[in-house]
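New to this one? Have a look at the chain below, and then we'll talk it through in questions and answers.

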Amino acid sequence: MESIRRQNPQVTLMSLEAAAASARGGFACLFSTADEYETALITERRAQGRYTHRRSYWPLALFVGCALIVAGTVLLFA
């Protein structure tokens with residue numbers, strides 16, 4: 001405590017200002033609104049390829065399979 005009292009007040013003030021600037025930097029946000037954040041997030045995810053439409057043949061295969069089962073049942077009992 002004695003060393004703080006003996007220091008130059010200008011040096012102490014500069015030290016406190018540097019600590020405050022450092023603390024503010026930790027909480028700073030790159031985006032000023034939620035819309036900017038969401039736009040950047042969607043852009044990044046598109047760049048990663050997350051929103052690409054992958055062609056799936058499962059619905060078509062299930063439809064053909066069910067149609068064959070129905071046709072087989074109709075032929076079996078007709």
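## Getting to know the chain

Right after α3 comes Gly49, and its phi is positive, near 85°. Keep in mind that this is a predicted model.

Q: How many helices and how many strands does the chain have?
A: Reading along the sequence, you get the pattern α-α-α-α. No strand shows up in that pattern, and the count is 4 helices and 0 strands.

Q: Where is confidence lowest in the chain, and where is it highest?
A: Overall, the chain averages a pLDDT of 83, and 85% of the residues score at least 70. Where pLDDT is low, the predicted coordinates should not be read in detail. The low end is helix α1 (residues 2-6), with a mean of 56, and the high end, at 94, is helix α4 (residues 58-77).

Q: What span should α3 have, and how far apart are its end C-alpha atoms?
A: Helix α3 has 15 residues, and the sum uses 1.5 Å a residue. The expected span counts one less than the number of residues. That gives an expected 21 Å, and the end C-alpha atoms of α3 are 21 Å apart, so the two agree.

Q: Is Gln48 buried, partly exposed or exposed?
A: Gln48 lies in helix α3, and its side chain makes a polar contact of 3.0 Å with that of Arg50. Buried means under 20% relative accessible area and exposed means over 50%. Gln48 has 46%, so the word for Gln48 is partly exposed.

Q: Why does α4 lie largely in the open?
A: A residue is called buried when its relative accessible area is under 20%. Helix α4 has 20 residues, and it lies largely in the open because the number of them that are buried is 0.

Q: Which residues form a nonpolar patch on the surface?
A: Start with Tyr57, in the loop between α3 (34-48) and α4. To be in a patch, a residue needs over 30% relative accessible area, and Tyr57 is exposed at 56%. Together the patch has about 580 Å² of accessible area, and its members are Tyr57, Leu60, Phe63, Val64 and Leu68.

Q: How much of the area that the chain exposes do carbon and sulfur atoms supply?
A: Buried residues make up 1% of the 78 residues in the chain. The chain exposes about 7,600 Å², and the share supplied by carbon and sulfur atoms is 65%.

Key: Residues numbered from 1 in each chain as written. Predicted model: local features only at pLDDT ≥ 70, side-chain atom pairs only at ≥ 80, totals over all residues. Heavy atoms only, no water. pLDDT = per-residue confidence, 0-100. Helix = DSSP H or I, 4+ residues; strand = E, 2+ residues; numbered from the N terminus. Patch = residues over 30% accessible without salt bridge, like charges linked within 9 Å, V, L, I, M, F, W, Y side chains within 5 Å. Areas by Shrake-Rupley, 256 points an atom, 1.4 Å probe, with all protein chains shown as cover. Salt bridge = Lys/Arg side-chain N within 4 Å of Asp/Glu carboxyl O. Buried < 20%, exposed > 50% of the residue type's maximum accessible area, 1.4 Å probe, protein only. Polar contact = N/O pair within 3.5 Å; in protein donor to acceptor, adjacent residues only side chain to side chain.
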